[in-house]
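Reader: I keep hearing about charged side chains pairing up, and I'd love a close look at that in one protein. Could you walk me through it slowly?

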Amino acid sequence: GNFAHMMGYEQEGFKELMRLYMTIHADHEGGNVSAHTTHLVGSALSDPFLSFAAGMNGLAGPLHGLANQEVIKWIFEMRETLGVDLPSKDQIADYVKKTLSEGKVVPGYGHAVLRKTDPRFTAQMEFGKKHMPDDPLVQTVWRIYDTVPDILNGLGKVKNPWPNVDAHSGALLVHYGMVEYEFYTVLFGVSRALGVLASLCWDRALGMPLERPKSVTTTLVKDWLAGKDQIWGE
């Protein structure tokens, strides 16, 4: 609640949203860029501030820290193109197919690890149903959820057609009037600090060693290209 107050938001709903947001964005696994970078730099016994700063430099990359902004941008572009605030599922389906036909991806869908609906998406959807069930933007997010997975599954080459955490968070923030989209990454960073620095404490307590990636030789690359080595997968 105090964090919301410092940002100038006094609505109880927004304070509850921040509690949810801070929890689900803290850290979901060590493989993402910001969490892994913090761990990597911290493994050299760097100061926690330096380790976290390195992680935030990773979060600044658009493929990691701009995901929910890309979702909101895509939804707004869709609504502007269609000329409606709440597109029908058929309209959404046509727009999704148009997006895919242009060689683009549907923002907010897919995850490197998960193979089902991200539980963090579900938590936000339940929050929306409780606090803003009639919001057209939030309803659009739900209609996209009802539409996109079947289309992506039909392509036959998408491993995870389900929404991730970024598919919903932006719509909730917009509902409460937070339209400073570049600030969304800052919120992400504040939340991520809770998870990665707690993990860093465990790294120190357990005496985790300096992390050193394996080297890749020219011979290994040649064998992999020739199909003789599957060290990088198929």
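Author: Let's start with K104 and E102, whose side chains meet in a salt bridge, with N to O at 3.3 Å. Keep in mind that this is a predicted model. The general idea is simple: side chains of opposite charge can pair when their charged atoms come close. How exposed is E102? It has 42% relative accessibility, so E102 counts as partly exposed, since that label covers values from 20% to 50%.

That pair has company, as the structure holds 8 salt bridges. Take D146 and K89: their side chains also meet in a salt bridge, again at 3.3 Å from N to O. What's fun here is where the two partners sit. D146 belongs to helix 9 (residues 136-155), while K89 belongs to helix 7 (residues 89-101). They are 57 residues apart, so to speak, and the pair links distant parts of the chain. As for their surroundings, D146 is partly exposed, with a relative accessible area of 45%, and K89 is partly exposed too, at 42%.

Now look at a pair within one helix. E126 forms a salt bridge with K129, and their closest N and O atoms are 4.0 Å apart. Both residues lie in helix 8 (residues 119-131). They are 3 residues apart, which is about one turn of the helix. E126 counts as partly exposed at 44% relative accessibility, and K129 is partly exposed with a relative accessible area of 45%.

Salt bridges can also join up: E10, E12 and K15 are linked in a network of them.

For contrast, have a look at a contact without charges. Two packed helices are described by the angle between their axes and the distance between the axes. The axes of helix 2 (residues 12-24) and helix 11 (residues 184-205) come within 7 Å and cross at roughly 65°. That crossing is right-handed. On the helix 2 side, the contact is made by M18, Y21 and M22. Helix 11 brings Y184, L187, F188, V190, S191 and L194. Sorted by class, the contact has 8 nonpolar residues, 1 polar residue and no charged ones. So you can put the two pictures side by side: D146 and K89 link two helices through a salt bridge, whereas the contact of helix 2 with helix 11 has no charged residues.

Notes:
Residues numbered from 1 in each chain as written. Predicted model: local features only at pLDDT ≥ 70, side-chain atom pairs only at ≥ 80, totals over all residues. Heavy atoms only, no water. Axes fitted to C-alpha atoms, helices over the stretch in contact; angles between N-to-C directions. Helix = DSSP H or I, 4+ residues; strand = E, 2+ residues; numbered from the N terminus. Left-handed = near helix turned anticlockwise from the far one by under 90°. Contact = heavy atoms within 4.5 Å. Nonpolar A, V, L, I, M, F, W, Y, C, P; charged D, E, K, R; others polar. Buried < 20%, exposed > 50% of the residue type's maximum accessible area, 1.4 Å probe, protein only.
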